[in-house]
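Colleague: Could you take a close look at the way helices pack against each other here, and then set that packing in the context of the rest of the chain? Longer explanations are welcome, as long as the criteria are stated.

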Amino acid sequence: MNLLRRNTSTQLFKIFPQAKHRTHVLSTFVVRNGDANPNREPIHANFPTQRTDLVYPSYVNERTVQSHKSSPLDQLGSGDIVSSNKLITRYIRFGDLGSALNVFERMVAKTTVTWNSILAGYAKKPGKMKEAQELFDKIPEPDTVSYNTMLVCHLRNSGVDSAMEFFNKMPFRDSASWNTMISGFVRNGKTQKARELFLEVPEKNGVSWSAMISGYVDFGDLDSAIELFDLAPVKSVVAWTAMVTGYMKFGKVELAEKMFQDMPVKNVVTWNAMISGYVENSRAEEALKFFRMMIRSGVKPNPSSLSSVLLGCSNLSALQMGKQVHQLTYKSLLYDDTTAGTSLISMYCKCGDLENALKLFLEIPRKDVVSWNAMITGYALHGAGHEALNLFNEMKSTGTKPDWITFVAVLSACNHSGLVDIGVRYFDSMVKDYGIVLKPEHYTCMVDLLGRAGRLMEAVDLIKKMPFTPHIAIFGSLLGACRIHKNLELAVYAANNLLRLNPSSAAGYVQLANVYAAASRWDRVSKVWRSMKENKVVKTPGYSWIEVKSLVHEFRSGDRLHPELASIHEKLVELDQKMRLAGYVPDLEFALHDVVEEQKEQLLLWHSEKLAIAFGLLRLPKVIPVRVFKNLRVCGDCHRATMFISAIERREIIVRDTTRFHHFKNGVCSCGGYW
C-alpha cells in the first residue's frame, strides 16, 4: 500500500477551529514523534478469545511444557522432547499441521504435551473430527487439556449437543472446560442453556462471567447483561467492553461513554467498540475524534479499528481524512493487511475516488472474497457496469468463490448500467450454478433493475413470486420506478404497500406526492401532505455537502445561512445565463410546488446540489474534481444542469446521491442518462 508513500509526514493531521453557519470541521487526530510508544502493547484481557468465541486451553506454549508433570517416559531424552514440542508448537501456531505431524511421527518418545499439541492442530482445522478422535484414543495418559481440546473439536465439528454429551462424560474438568461449554451454548444462541450451566460452575472466574455477559449482549438481552455485570465479583476488560458494545448496540451512547470512562483497564477492542458504536449510531464525527484520542493514547490500531474509522470517513464523505488514515496505515504494520486494504478500497469508492481505489486493489497481495466484493461494488456504485462484470469474471478465474454479497454487487452493476438481460441471467444462475441462497437484497436489486427499464409488470410479478414477505426497500424501489415512468396506478399500489409495512416512512409519502406533482395532481399532493401530517411523519430535509480543505460545507435548498451565499448566488446566476445560451431549459417537473413558473425556476436554481457545486467551483483549484454528496436522490433538473456546467466550466464534477455516483465531464454524465 504505497499509494500515498510520498505524502507521509510526522504530523498527519491539522486540527481546525470550530466553524459556524452549519460548516463543521472534520474530526482530526495528530500523530507526533514520540506520541505513540512503539514498545507499548495493548492491554489484553485474560480471556483467550474476544467476546463469545470458544475458550481454548493454553496447552501449546513452552510454559505448559515446563509445568507438565513428567512421567517415566518423559525422562528419556527430555531435551530432545522439549525441542520437538517447541517445533510442533511453532508449526501448529502457523497452521502447518503437516509439518507438525512429520516431527510428531519421527519422535521416539512423546509426552502428553506432545499429543495435546497435535490434537490442538486438529482442533483448529474444521472437518478433522475423525482424525482428532483417533489421535485422542491413542493418548496414553490424557489429561484435562486433552479432554478440553476434544471438547472444542466436538463444538466445531459436531455441534453443541454432541459437545455436551462429551462434557458429561469427562472424568475431570477445570474452569476452562466449563467456560468452553458455556461459550459453545452462547455461540449457538442458547443463552438459557448457557445460564443453567453457568449457575452450576463450581468456581466461576472472570472468563465465566465475561462469556455470559457477552452472550447476552450479542443476542440482544441487554437487561440480563446489565444484571450479570452488576453481580460479577470479577469484571475483566472483556466484560466491560461487552457492556460498551451493548449500550452502543441499543443506541444508549451516553451510557456507553460513561462505561468507557469508568473502565479501569482498556484495550484496543474497547476503543474499537466505541468507534464502531459511534459510526453505527450515525455519529461519525465523534468516531473520528475518538480514533484521534486512541492514537494519542498510544494504543495501536488493528484492522477492525481502521475498518470502523474508514466507514466513518465514508459516511461523512471525508476523502481527505480517509487519505490521512491511509498514511497512518502505511506507516504501521498493517500496510499489507488484507482487511485494512479492503477497508481503504471501500472508503475510496464511497468517497468518489475510484482511480485510487483501483490502484490500491491491484496492490493488495492476497485478495479474499471481501476484497473482490469491495472493488466490484465500487464499480457498480460508479455506474461502471462492464468493468464490474469483467472484474467478476477475473475473480472467478482466480478460483475465488463468489458469495451472496458478490451477487448483490453484480446485480447492482447491471442495474446502474442498464444491463437488464445480463442481470436477469445472473439472477437465474445464482442458485443453479453457484449454490447461492437468494436473499431479499437480491430481489430488491432485481425489482429496481426491471423497474428502471420500464418492465414494471415483470417487477410486480417477481414481488408476488418471492418466497418471503416483501420488505420496505422492495416497494420503495418499485415506487421510484413508477415515478420515473409516470405510472400512477402502480405508484399508488407500491406506496400503499410501503406505508402498510412502515406507516412512519417519510419516503413513501414523499415519493407518492412527487408522482402526483409530476402529473400536476395538486389536490392529491395536498391530500398526501395532510395524511403525512396527521400521522406525525416528518420528512427528512434534503441537503448537499462538499469538502473543501478538510472543512465540510453543508447546503440546503434555498439556503440562507452560509457565509459566502452572496458569491454563490452570483456564480449561479452567471452559470444560469451561460447554460441558457447553450440550450438549457429548466425542467419544471422537478419544482414540486404549486407556484408560478418564474418562482419554480428560482426554486430550481437554489437547489442544494447546485449551491454546493457553485461553491466548489469558486473554492477548489481547477485540477481538483468538484465532489458533491447528497442525502437524497439527485434532482433530475440538477442532473441536466450539471452536464451543462461541466462543459461550460471545463471541470470534472462528481455527484453522489443515495444510490450511485454521477461523473460529469465535458457535458456528459457517466450514467449515460440511465439512472
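Modeller: What follows begins with two helix pairs and then moves to the whole chain and some single residues.

This is a predicted model, in which local features need pLDDT of at least 70 and side-chain atom pairs count only at pLDDT 80 or more, while totals for chains, interfaces and linings use all residues. Residues are numbered from 1 along each chain as its sequence is written, and side-chain values use heavy atoms, with hydrogens and water left out.

Helix α6 (residues 144-157) packs against helix α7 (residues 160-169) at an angle of about 160°, their axes lying 7 Å apart; helices here are DSSP runs of H or I of at least four residues, and strands are runs of E of at least two, while axes are lines fitted to C-alpha atoms, for helices over the stretch in contact, with angles from 0 to 180 degrees between N-to-C directions. The two helices are therefore roughly antiparallel, a word kept for angles over 145 degrees, where under 35 is roughly parallel, 65 to 115 roughly perpendicular and the rest oblique. The crossing of α6 and α7 is right-handed, that is, the near helix is turned clockwise from the far one by less than a right angle, anticlockwise being left-handed. On the α6 side the contact (heavy atoms within 4.5 Å) is made by Tyr 147, Met 150, Leu 151, His 154 and Leu 155, and on the α7 side by Val 160, Ser 162, Ala 163, Phe 166 and Phe 167. Sorted by class, this contact has eight nonpolar, two polar and no charged residues, where Ala, Val, Leu, Ile, Met, Phe, Trp, Tyr, Cys and Pro count as nonpolar, Asp, Glu, Lys and Arg as charged, and the others, Gly among them, as polar.

The second pair is formed by helix α30 (residues 565-581) and helix α33 (residues 636-649), whose axes come within 10 Å and cross at roughly 95°, which makes α30 roughly perpendicular to α33. Here α30 contributes Lys 571, Glu 574, Leu 575, Lys 578 and Met 579, and α33 contributes Ala 641, Phe 644, Ile 645, Ile 648 and Glu 649. By class, the contact of α30 with α33 has six nonpolar, no polar and four charged residues.

For the wider setting, the chain comes to 33 helices and seven strands, and of its 675 residues 52% count as buried, meaning under 20% relative accessible area, with over 50% called exposed and values in between partly exposed (1.4 Å probe, protein chains only). Among contacts between residues at least 6 apart in sequence, 64% join residues at least 24 apart.

Individual residues fill in the picture. Ser 608, in helix α32 (residues 608-619), is buried, with a relative accessible area of 1%, and, leaving aside residues up to four places away in sequence, Ser 608 touches Tyr 543, Ser 544, Phe 555, Arg 556, Ser 557 and Lys 630. Ser 282, by contrast, sits in the loop between α14 (268-280) and α15 (284-296) and counts as exposed at 70% relative accessibility; its phi is near 60°, a positive value in a residue other than glycine. Lys 536, in the loop between α29 (522-534) and β2 (543-548), also has a positive phi, near 55°, and is exposed, with a relative accessible area of 75%.
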